[in-house]
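Student: I should like to learn how to read the surroundings of a residue and of a ligand. May we work through an example together?

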Amino acid sequence: MTMTSDIPTKTGTWRPMRPDDLPAVAVIADRVHAAYPEDPEIFAERLRLWPSGCWVYESNGELIAYVLSHPAQAFAPPPLNSLLGALPEPPTTYYIHDLALLPETRGQGAGSAIVRILLDGARRSGCPDVSLVAVNDSAGFWGRHGFQTVSIPALDAKLRSYDDDARFMVRPLV
Ligand SMILES: CC(C)(COP(=O)(O)OP(=O)(O)OC[C@H]1O[C@@H](n2cnc3c(N)ncnc32)[C@H](O)[C@@H]1OP(=O)(O)O)[C@@H](O)C(=O)NCCC(=O)NCCS
C-alpha cells in the first residue's frame, strides 16, 4: 500500500490532505480540541513540511476527521501551537502531532485504520519509533496500538502546555 492511496473504512474514506482542506480542518480542530487551541498556520506548516503524513477523513462529502504527523527529533515534542521551521535531518522519531475525529464518527474503527497507515509510513521513513503527546484521555486508545507512556521529567513543562494529564508516549517500530 502506498502513502498516497485513499483508505476506505466502514463509514468513510481517509485521503491525503490538500491545502484547500485546511479551513475544514480548523473547524474540526476547534470542535474537538477547544481546550488545546492551535493557529491555522500550525496545520498549514505541517502539511507543507510532510504532506504524506497529513490525511483527512471524508464521509458523505464532509470532512469529519484529520491527522497530522511527520518525522521529528526524538524526545522533543514541540510545545502546543508552535511552528517547527523545518524537519530534522536525519529524523530520530516519527511524531503524530494530532488525530481528531468529530464525536459522531468515533468508535467505528476510523482512528485505528489511520494509525496503521501512519505506522507503515513511519517504518518507510526509516524512523526507529513513533511518538506523541496523548491528551483528552486518549492514552488507552494509543496503548491498544502499542504505545507506552514514557516519563521524562525534562518534558514536564512542555507537556503542561497541553494539559495536566498529557502523557508522552512512544511505540517502537521493530
Ligand atoms: C481517540 C480517537 C482518535 C480514537 O479513534 P476512534 O476511531 O474513535 O477509535 P477506534 O474506533 O479505532 O477504536 C479502537 C479501540 O480503541 C478504543 N478507544 C477509542 N477511544 C479510546 C479512548 N479515548 N480511550 C481508550 N480506548 C479508546 C475503542 O473502544 C476501540 O476498542 P475495541 O477495538 O475494543 O472496540 C478518537 O476517539 C478521537 O478523535 N477522540 C478525540 C480527539 C483525541 O482524543 N485525539 C487523540 C489526541 S492525542
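Tutor: Let us begin with a single side chain, bearing in mind that this is a predicted model. A polar atom of the side chain of Ser 69 lies 2.8 Å from the backbone oxygen of Gly 53.

Student: Which side chain makes a polar contact with the side chain of Ser 69?

Tutor: A polar contact is a pair of N or O atoms within 3.5 Å. The side chain of Tyr 94 makes such a contact with that of Ser 69, at 2.8 Å.

Student: Where is the place of Ser 69, and does Ser 69 count as buried or exposed?

Tutor: Ser 69 belongs to strand E4, residues 62-72. Buried means under 20% relative accessible area. Ser 69 counts as buried because its relative accessibility is 0%.

Student: Turning to the ligand, how many residues surround the ligand?

Tutor: There are 22 surrounding residues, and the closest are Leu 99, Leu 101, Gly 109, Gly 111 and Ser 112. By class, this shell has ten nonpolar, nine polar and three charged residues.

Student: Which elements each supply at least two residues of the shell?

Tutor: They are strand E5 (93-101), helix H3 (110-124), strand E6 (129-134) and helix H4 (139-144). H4 gives the largest share, four residues.

Student: Which backbone atoms lie 2.8 Å from an oxygen atom of the ligand?

Tutor: A backbone N or O atom of Gly 107 does, as does one of Gly 111. For Gly 109, the corresponding distance is 2.7 Å. The protein buries 71% of the 900 Å² that the ligand exposes when taken alone. The space that the ligand takes is the largest pocket.

Methods. Residues numbered from 1 in each chain as written. Predicted model: local features only at pLDDT ≥ 70, side-chain atom pairs only at ≥ 80, totals over all residues. Heavy atoms only, no water. Near = heavy atom within 4 Å. Polar contact = N/O pair within 3.5 Å; in protein donor to acceptor, adjacent residues only side chain to side chain. Areas by Shrake-Rupley, 256 points an atom, 1.4 Å probe, with all protein chains shown as cover. 1 Å grid on protein atoms, 1.4 Å probe; cavity = no way out; pocket = protein on both sides within 12 Å on 5 of 7 lines; lining within 4 Å. Sits in = over half its atoms within 2 Å of the grid points. Nonpolar A, V, L, I, M, F, W, Y, C, P; charged D, E, K, R; others polar. Buried < 20%, exposed > 50% of the residue type's maximum accessible area, 1.4 Å probe, protein only.
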